[in-house]
Amino acid sequence: MKIIIIGCGKVGIALAAQLVSEDHDVTLIDESAQKIQNVPDDIDAIKYVGNGASVAVLREAGVDTADLLIAVTGLDEVNLLCCLIAKKAGNCHTIARVRNPVYYEEIEFIRKQLGLSMIINPELAAANEISRILRFPSAIKIDVFAKGRVELVKFKVLPEYKLDGLSIMDVMGRCRSDVLISGVERGGETAIPDGQFVLQNHDIVSVMATPKNSMDFFRKIGVQQTGRVNNAMIVGGGKIAVYLAKQLIPMGIRVKIIERDRNRCEELGELLPSALIIHGDGSDQNLLQEEGLREAESFVTLTNMDEENIFLALFARENSHAKLVTKVNKIAFDEIIRKMDLGSLIHPKFITADSIVQHVRAMQNSIGSNVETLYHILDGKAEALEFLIREESEVTNIPLMELSLKDNLLLASINRGGQIRIPRGHDQIQKGDTVIVVTTHAGLSDIRDILKR
């Protein structure tokens, strides 16, 4: 597909890298020549310096033959204008990043009136992910499928779980829970395990199940904290904090936000009357202690500086038993950051990129099957995809044991009429099902891609 991306910030570059890796023809546009120059050389894209809201610039970039335009500049209004002009000048599909909470109250009206294919809000998506984690603090990450009926829960194997040295088959026999262990991360290596795979302490394990069955599994292995936290201390009062607080407060979770900008504190007080807003420097250790860090059940760092978020999380780890959630934007030292035990790491730009790539793959094949959900998992080395089966094909109505599936691929779940099942060898995929696939093979866009060719 021919795709134009307007905006070469963190999200634009992450998105371009992903789409180029999937063999799409990508054109990047940004008003800043410096940002264009900073695009990594390994991203094989055409680059233009110019205003993406200009008809002349868009035509020069080939909007008349483009399949999709994605506007991810720093201004919502510019993104919406770029998409509107692209629809008129080229009639391509359009995706806009819209971050302002005021606009998001009217998002469906805006999308329909401007004819947008999709609107993405990185801050809201990040808040959604953090909210899911705080409902189950023992999890490192939770991805949802089938409209919330299925979850992929990532957790660390601790010695008290007594799973060290047990094979996957042994664990399933001991717990007798209807779950599927879908992935294991160990020392920089990742695996999609079979029944003989042996777990070790400190492995990072991903489990696929319904919420009810996953809770049953975690209780049986000895996870103590399976209920939500009761309070949350948030450092940084930006958009993510607002979206997150609006989700946590109705759940009965007490929210405290520490923000150093006085004017922003006043705004937060109006937006979040039920939250406690503290004007102060979140990096002040004495302030954190005075505000009850030791009693906090969760500690979320959402400042605009990765370094500050990381050091705050390290301090909280040493001075509390809080569930840690750490926002990180730059990934230059990813290997080191992952070894720091910073709790759950949140990467807003990758959450955004996954959502848009999911839409792109759905555009590629909207007949036989459709990519409904997509997440990069296992440290980005694998994907979990949800396919809607629109028609019969060579993968339907055949026992799974008889299909010639690719290596390093699991059929993790089948949703049939709202009934979720962890598939076994005799199960069959049928028209109308949604099927979750976990694989290290990148770029699957159709359910038939699960077969060896």
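**Exercise 1. Cysteines**

Find out why Cys92 has no bond to Cys83.

*Solution.* Start with the gap: the closest cysteine sulfur to that of Cys92 belongs to Cys83 and sits 8.2 Å away, which is too far for a bond. Next, bring in the rule: a disulfide is a pair of cysteine sulfur atoms within 2.5 Å. Apply it, and the count comes to zero disulfides. As background, a disulfide is a covalent bond between the sulfur atoms of two cysteines.

Before you go on, note that this is a predicted model, where local features need pLDDT of at least 70 and side-chain atom pairs count only at pLDDT 80 or more, while totals for chains, interfaces and linings use all residues. Residues are numbered from 1 along each chain as its sequence is written, and side-chain values use heavy atoms, with hydrogens and water left out.

**Exercise 2. Buried or exposed?**

Sort Cys92, Cys175, Lys2, Phe311 and Asp23 into buried, partly exposed or exposed.

*Solution.* Get the cut-offs first: buried means under 20% relative accessible area, exposed means over 50%, and partly exposed is in between (1.4 Å probe, protein chains only). Now go through the list:

- Cys92 has 2% relative accessibility, so put it down as buried.
- Cys175 is at 2% too, so it counts as buried.
- Lys2 comes out at 25%, so it is partly exposed.
- Phe311 has 60%, so it is exposed.
- Asp23 has 69%, so it is exposed.

**Exercise 3. Placing residues**

Work out where Asp23, His202, Phe311 and Met172 sit in the fold.

*Solution.* Helices (H or I, at least four residues) and strands (E, at least two) are DSSP runs, numbered from the N terminus. Asp23 is in the loop between H1 and S2. Its phi is near 70°, a positive value in a residue other than glycine. His202 belongs to the loop between strand S10 (189-191) and strand S11 (204-209), and its phi, near 80°, is positive as well, again in a residue other than glycine.

Now the helices. Phe311 is part of helix H13 (residues 306-319), and its C-alpha is 9.3 Å from that of Leu342, 31 residues away in sequence. Met172 is part of helix H8 (residues 168-175). Between the C-alpha atoms of Met172 and Phe217 there are 9.2 Å, with the two positions 45 residues apart in sequence numbering.

**Exercise 4. Who touches whom?**

List the contacts of Lys2 and Met172, leaving out residues up to four places away in sequence.

*Solution.* Contact means heavy atoms within 4.5 Å. Take Lys2, in strand S1 (residues 2-6): its partners are Asp25, Ala61, Gly62, Thr65, Ala66, Asp67 and Leu68. For a pair far apart, try Lys2 and Arg174: they are 172 residues apart along the chain, and 51 Å separates their C-alpha atoms. Met172, in turn, touches Ser177, Val179, Ile181 and Phe217.

**Exercise 5. The cores**

Which members of the largest nonpolar core touch the most other members?

*Solution.* A nonpolar core is a set of buried Ala, Val, Leu, Ile, Met, Phe, Trp, Tyr and Cys residues joined through side-chain atoms within 4.5 Å. The largest core has 43 residues, and Ile5, Leu19, Ile70, Val437 and Ile450 touch the most other members. H1 gives this core its largest share, six residues. A second, separate core has 28 residues, including Val229, Leu248, Leu302 and Ile351. Leu248 also turns up among the buried residues of H10, a helix that is mostly covered, with seven of its ten residues buried.

**Exercise 6. The cavity**

How many cavities of 30 Å³ or more does the whole structure hold?

*Solution.* On a 1 Å grid over the protein atoms alone, a cavity is a set of points where a 1.4 Å probe fits but cannot get out, and lining residues have an atom within 4 Å of a point. Grid points are joined across faces, edges and corners, and a volume is the space filled by probe spheres set on the points. The search finds one such cavity. The largest cavity has about 40 Å³, and its lining is Asp178, Ala209, Thr210, Asn213, Ile420, Arg421 and Ile422.

Technical notes: 1 Å grid on protein atoms, 1.4 Å probe; cavity = no way out; pocket = protein on both sides within 12 Å on 5 of 7 lines; lining within 4 Å.
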